[in-house]
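Want to learn how to read a protein model feature by feature? Here is a short tutorial dialogue to follow with the structure open.

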Amino acid sequence: MRSKTMKVLHRIGGRSMIGHVLAAVAATEPARVVAVVGHQREQVGPHILDLLPQAVLAVQEEQLGTGHAVRVALEALAEVPGGAPSGTVLVAYGDTPLLEGASLRAFAADHEAGQRAVSILSGIVEDPTGYGRIVRDGEGEVAAIVEQKDATPEQREIREINSGILAFDAAFLLEAIHRLGNDNAGGEYYLTDLVGLARDAGLIVGAFVLDDVVQTEGANDRVQLAALGRELNDRILRRWMREGVTIVDPQTTWIDADVTLARDVTVLPGTQLLGTTVVAEDAVLGPDTTLADCEVGVAASVVRTHAQLAVIGDAASIGPFSYLRPGTVVGAGGKVGAYVETKNAQLGAGAKVPHLSYVGDAEIGEGANIGAGTIVANYDGVEKHRTVVGRHARVGSNNTLVAPVVIGDGASTGGGTVVRGEVPSGALAVSAGPLRIIAGWVRRRREGTAQAAAVTEPAVASAAEHRSS
C-alpha cells in the first residue's frame, strides 16, 4: 500500500478492510474468534479489540505462511479459557472487505452437511492469475490446491480458484497442522497442503463454489482498494434502492455500510452519507451534501450541507451552504439557512437561524429567530461560554451576542446591537447610537468619482454642515 498504515486498516465503506471481515465473521455467531497479527500489530491488534473485544490475539512473530499462521492461532487458543476448538473452524483473511456473513454461513453449513475434513470456498474466474488452483480428479472430486508459483502450465489454465477461505473439522485440523512441511518454492507452510493430508487419510474434501466470487477479492494496493470501494458502494446503493430509497445518481452518491435509511428517503446527486448516519422516511438529502454520524428526521430537507454528529429534527430545513458541527440539534420544523455555522447549539422546535450567522455553544428557544449576520461570540480567548435565547425571542440583524448572555422569552434586540448581559423577557435591547446625516459629504470627499457624479443633492452645503463634516 506504500503507507504507514497497515493494509487491513485502510478504509472503504466506512470501515477498515478487516472491520468488514469481522462483521461477516460475527454473522456466523462463532464460539470464538482468533485474529493472527504480526507486522504492525501495534496498529492492528487494538483496532481488532475495539471492534470485537472478545477476540483472542495470536502473534505470528515470523511470517512463515498460512499454515504457520493457523498453528499460531491454535496455540493461542490452547492458552485461554475453552482451550482447543471443536466442531468447525473457519479461516478467513483480513483484506477481503466484500465478504458477506450470509456467504460464510452457507459455506459452513455446506461443510458440515458434507461431513468433510476440509472444505474450500472456491470460485470460477476469467483470469485466475495469482490464485491457487483447485485441482480435481477424474471423478470431479477435489484432489489438491496448487499455488500459482508451484503450478504446472496445465494447472495454470484451471479457472476454479481457491479464495483462501477454508473450513476444517477441528479434530482433523488439530492433528494435521503439525504435519505440514515447507518443501515448496516459497519455503512456507501452506495451509492448503492439508487437502492432500486429508485425502491421504481417506477423509472427505470438497469445494463450495461461491457464485459471487468478487466477495473473496483482496486489495494489495490503492488501485485495487479503490476498485473494491466502488464495488462495495454499488452494492450498498442497490440494496437501499431495493428497500425503497430513491437515489437519483448512483455514480455520485456514496453511502457507508453502517448507514440506515428509511423507505421513501430521497438522495440527490453528490451526496455522501457516512459513519452511522440514520435517516427517517420522506427526508430529502442533497444535492452536494455530506452527513457523518448524523440523525435526520421525518420529511427533513438538507441541501448543500456539511454536518457531523448533528441531529436534524422532523420537517427541519437545512442549507444551502450550512455547516453543522458536533453537538448541533435542530428541533422539529427548525431552520438553519445559507452560510450558517453551528456548533454545540440546540435549536428548539420552529427556531430559525436563516442566514449568514455563527451560533456556537448556544440554546435557541422554541420559535425564536436569529437575524442575518448574527455572531454568538462564545470564546473569550481562554474559555467557552454559553448563550441562551428564549422562546419566540427576536434577535435583530448584525448582532453580536458576547457570551455568557441570556435573552429572555419574547425579548427583542435591535439591528446592530452588541449584547453583553441579560435581556429581560419582553424587553427590547439596543446599543447603536442615533443616525447622523452629513449633507454634501460625497461631493466634498469624493470629487471626480462616479459616485459624486451620481449625486443629485444641491452642490452647496451650509457652513455648519461643512464644519460638522
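What follows is a chat between a learner and a teacher about this predicted model.

Q: Let's start with the records. Which residue does the UniProt annotation "active site" cover?
A: A record tells you where to look, and the coordinates then tell you what the place is like. Here the UniProt entry, which is unreviewed, puts "active site" at His355. You'll find His355 in strand β27, which runs over residues 352-364.

Q: Is His355 buried, partly exposed or exposed?
A: Look at its relative accessibility and compare it with the cut-offs: under 20% is buried, over 50% is exposed, and in between is partly exposed. His355 has 36%, so it counts as partly exposed.

Q: And which residues does His355 touch, leaving out those up to four places away in sequence?
A: There are two little runs to spot: Ala338, Tyr339 and Val340, then Gly371, Ala372 and Gly373. Keep Ala372 in mind, as it's one of the residues in the UniProt "binding site" feature, again from an unreviewed entry.

Q: Which other residues are in that "binding site" feature?
A: The record also lists Asn378, Tyr379, Ser397 and Gly415. Let's take two of them. Asn378 sits in the loop between β29 (375-377) and β30 (387-389), while Gly415 is in the loop between β34 (412-413) and β35 (418-419).

Q: Are Asn378 and Gly415 buried or exposed?
A: Sitting in a loop doesn't settle it here, so check the numbers: Asn378 has a relative accessible area of 6% and is therefore buried, whereas Gly415 has 55% and is therefore exposed.

Q: What do they touch, setting aside residues up to four places away?
A: Asn378 has contacts that include Lys343, Tyr358, Asp361 and Ala403. Gly415 touches Gly396, Ser397, Asn399 and Ala432. Notice that Ser397 belongs to the "binding site" list too.

Q: Where is Thr374, and is it buried or exposed?
A: Thr374 is in the loop between β28 (369-370) and β29. Its relative accessible area is 0%, so Thr374 is buried. Beyond its neighbours within four places in sequence, its contacts include Leu356, Ser357, Tyr358, Gly396 and Asn399.

Q: Now a pair of helices. How do I describe the way α1 and α2 pack?
A: Two packed helices are described by the angle between their axes and the distance between the axes. For α1 (residues 17-26) and α2 (residues 41-51), the axes come within 11 Å and cross at roughly 40°. That makes α1 and α2 oblique to each other, and the crossing is right-handed.

Q: Which residues meet between α1 and α2?
A: From α1 it's Ile18, Gly19 and Leu22, and from α2 it's His47, Ile48 and Leu51. His47 and Ile48 are also among the buried residues of α2, along with Val44 and Gly45. The cover over those buried residues includes α1, β2 (15-16), β3 (34-37) and β4 (56-59).

Q: What does the record say about residues 8-205?
A: The unreviewed UniProt entry annotates them as "domain: Nucleotidyl transferase". Over that range the chain is 30% helix and 22% strand, with the end C-alpha atoms 30 Å apart.

Q: What does the side chain of Ser119 make a polar contact with?
A: For a polar contact, you check which atoms pair up and how far apart they are. The side chain of Ser119 pairs with the side chain of His111 at 2.7 Å. Ser119 lies in strand β6 (residues 118-124), and with 0% relative accessibility it counts as buried.

Q: Last one: which backbone features should I look for?
A: Most residues other than glycine have a negative phi, and most peptide bonds are trans. The exceptions are worth finding on screen. The bond from Gly319 to Pro320 is cis, with omega near 5°, and a cis bond also joins Ala403 and Pro404, with omega about 5°. Pro404 is in the loop between β32 (400-402) and β33 (405-407).

Q: Which phi does Asp361 have, and where is it?
A: Asp361 has a positive phi of about 55° although it's not a glycine. Asp361 is located in strand β27, the strand that also holds His355. With a relative accessible area of 7%, Asp361 is buried. Arg2 has a positive phi too, about 50°, but Arg2 counts as exposed at 86% relative accessibility.

Definitions and conventions. Residues are numbered from 1 along each chain as its sequence is written. This is a predicted model: local features need pLDDT of at least 70, side-chain atom pairs count only at pLDDT 80 or more; totals for chains, interfaces and linings use all residues. Side-chain values use heavy atoms; hydrogens and water are left out. UniProt positions are given in the numbering used here, feature names are shortened, and annotations may be inferred rather than shown by experiment. Helices (H or I, at least four residues) and strands (E, at least two) are DSSP runs, numbered from the N terminus. Buried means under 20% relative accessible area, exposed over 50%, partly exposed in between (1.4 Å probe, protein chains only). Contact means heavy atoms within 4.5 Å. A polar contact is a pair of N or O atoms within 3.5 Å; within protein, one must be able to donate a hydrogen and the other to accept it, and residues adjacent in sequence count only if both atoms are side-chain atoms. Axes are lines fitted to C-alpha atoms, for helices over the stretch in contact, and angles run from 0 to 180 degrees between N-to-C directions. Angles under 35 degrees count as roughly parallel, over 145 as roughly antiparallel, 65 to 115 as roughly perpendicular and the rest as oblique. A crossing is left-handed if the near helix is turned anticlockwise from the far one by less than a right angle, and right-handed if clockwise.
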